[in-house]
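User: Got a minute to go through this one with me? I'd like to start with how the domains are laid out.

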Amino acid sequence: MAKQSAEKQAEKKTEPAETAGPYPWSAKLRGVVSIFLTLHVFAVFVAPWSGPPPASELSFEVSRLGFREYLHAVNINHGYRFFAPEPGRSHLIRYELQRADGSIVNGTFPDLEEQWPRLLYHRHFMVAEMINQMTMAEPPREPRLQFPNFDAFPPAERRRLNNEFIRLGRDYEAARRQAEELLSPVAQRLMIEHDAQVARLWAVEHAIPTPEEVEGGMELTDPRLYRERPLGEFRRQS
Amino acid sequence: MNTITAYFRELRQASVAGWNKFWFLPTDPATLGMIRLLGGTMIFYTHLIWSLDLMGFFGPKARITSDFAKEFYGSSFAWSYLHWIESPGMLWTVHILALIALAMFAAGLFTRVTSVLAFIITVAYMHRAPGALFGLDQINSLLALYLMIGPAGAAFSLDNIFARRGWLNFIPVWLRGDAETVGESVTANIAIRMIQLHMCIVYLFAGTGKLLGGSWWDGTAMWQTFANYEYQSLDMTWLAGFPLLLNFMTHLTVAWEVSYIALVWPRLTRPLVIALAIPLHLGIAFCMGMMTFGLVMLIANLAFVSPALIRAVTSPLLMKLRLMPAGA
């Protein structure tokens, strides 16, 4: 027993000096800072982990342990999914503005001729992309319309699908309200800039031609590559 | 049992030693200073461009309203002093002051204070203008955060120049920074390590996110970026005749991003990884019209370049400009 105790003492003495050596900071300071560093680096990881879907329920629950607030506060709450999952098509906004004298102004944004330098153009480009994203939502379909044999489903399944429909409906309404809160100021801004009274907006999706189509002579701006959907008509507010 | 105990003891000791060596050895602030100079300039430029449509993005009748911005983030922690400013006159005043602070930060003047201001300004503008942001802002934001932590004004800065010439000795140290006393610094190392780790996480999720997309697997993703008219700044559609090359570029992009977190650390593979960052990000800069994003990613990658190399490259020029004593 005495021999084991002596051996343990010797072991302790020969342990590498974790707290000595070339470190200007004391072991205590390093320990405290290490806690912050660990939490911060983990928070940096949590942001994209719990970020754009698909993301797990675990990642959401972890992010709710105070990480979300911290990530917002220091502004590192980002997904970093650059051109992911797909580079994708680009989106523009086409507008038609009517002035008080009846004249019409047509345009699109982003527009390299109106927005220069490139960074300013890109700002408008991102707004157009966000408008498209926020206005894409379709209202959910009733389960009875989705599933012809809905009435034959077990009661529990019918309840689940109905609850899901209600939840999706609420999400859709919330998305629609948020889209409206974005669209209306955008339209107002256009009317202010062009001294117009009425604005009509369309979301334009610009598809990408295949290499074969380009080799066959198709231009990147071929009209067949554009698809529009109306976003609404807006009147100038005082 | 003794073997298992010995293993865990060795694991603990090696982990602690490795952790200490990774985070707490002091380092030359040259890399941090260079990132401040270049990254600070990018942050300044970013905010300068807002000036061209300041009212359109931040004014009382902006296309993105303050209420929308608050609801978009859904968190009171997504703060911005710009929410409190409603008058155009006040907005312009605050914006010009912000530009002055950012210019001082980029030049490394009163860096201890201006680095904090740069962070506050960067975050405030981002939180006020959701929807108008992209990758550039995300990287600006992380650089501003970490440059605030270390002595970013201890190298390649006006603080440093003035300190060596004793020009600002009448100003308190807390304001003018400790440029003349900072040689190697632990906080410089911590700041650099944080940038390094953050960039590893950026590339890990950028790469794995791409693996969710079919075009990154079937090799057509790079074509989609080159043939996207709204992004295009250099016509690369001649690549339509070289499908295998497009496939290769697509696969290389994903492989590089996904492997970055592992291969950037070993001494032998780091130069290769950083070297590949150059054509990838310059490609984004020149071909996809995102010069700012391409350049800021390269600036952030500088965190993996040693201070010794930074000084070796910059010393001849600094000596010629007499910003550095000969033989320093």
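Analyst: Sure. One thing to settle before any domain distances: the domain bounds come from an automatic or database domain assignment. Also, this is a predicted model.

User: OK, so how is chain B divided?

Analyst: Chain B has domain 1, covering 27-171, and domain 2, covering 186-289. Their centres, taken over C-alpha atoms, are 27 Å apart.

User: And how many residues are in contact between domain 1 and domain 2 of chain B?

Analyst: On the domain 1 side of chain B there are 11, and they meet nine residues of domain 2 of chain B.

User: Which elements give two or more residues to that side of domain 1 of chain B?

Analyst: Those are helix H2 (30-50) and helix H7 (135-147) of chain B. H7(B) gives the most, with three residues.

User: What's the nonpolar, polar and charged split there?

Analyst: The domain 1 side of chain B that touches domain 2 has eight nonpolar and three polar residues, with no charged ones.

User: Switching topic: at what angle do H6 of chain A and H4 of chain B pack?

Analyst: About 145°, for helix H6 (residues 155-194) of chain A against helix H4 (residues 66-73) of chain B, and the axes are 10 Å apart.

User: Left-handed or right-handed crossing?

Analyst: H6(A) passes H4(B) in a left-handed crossing.

User: Which residues in H6(A) and H4(B) meet?

Analyst: From H6(A), A:Gln178, A:Glu181 and A:Leu182; from H4(B), B:Asp67, B:Phe68 and B:Glu71. By class, that contact has three charged, two nonpolar and one polar residue.

Definitions and conventions: Residues are numbered from 1 along each chain as its sequence is written. Chains are lettered from A and ligands numbered from 1 in the order in which they are written. This is a predicted model: local features need pLDDT of at least 70, side-chain atom pairs count only at pLDDT 80 or more; totals for chains, interfaces and linings use all residues. Two residues are in contact if their C-beta atoms, placed from the backbone, lie within 7 Å. Helices (H or I, at least four residues) and strands (E, at least two) are DSSP runs, numbered from the N terminus. Ala, Val, Leu, Ile, Met, Phe, Trp, Tyr, Cys and Pro count as nonpolar, Asp, Glu, Lys and Arg as charged, and the others, Gly among them, as polar. Axes are lines fitted to C-alpha atoms, for helices over the stretch in contact, and angles run from 0 to 180 degrees between N-to-C directions. A crossing is left-handed if the near helix is turned anticlockwise from the far one by less than a right angle, and right-handed if clockwise.
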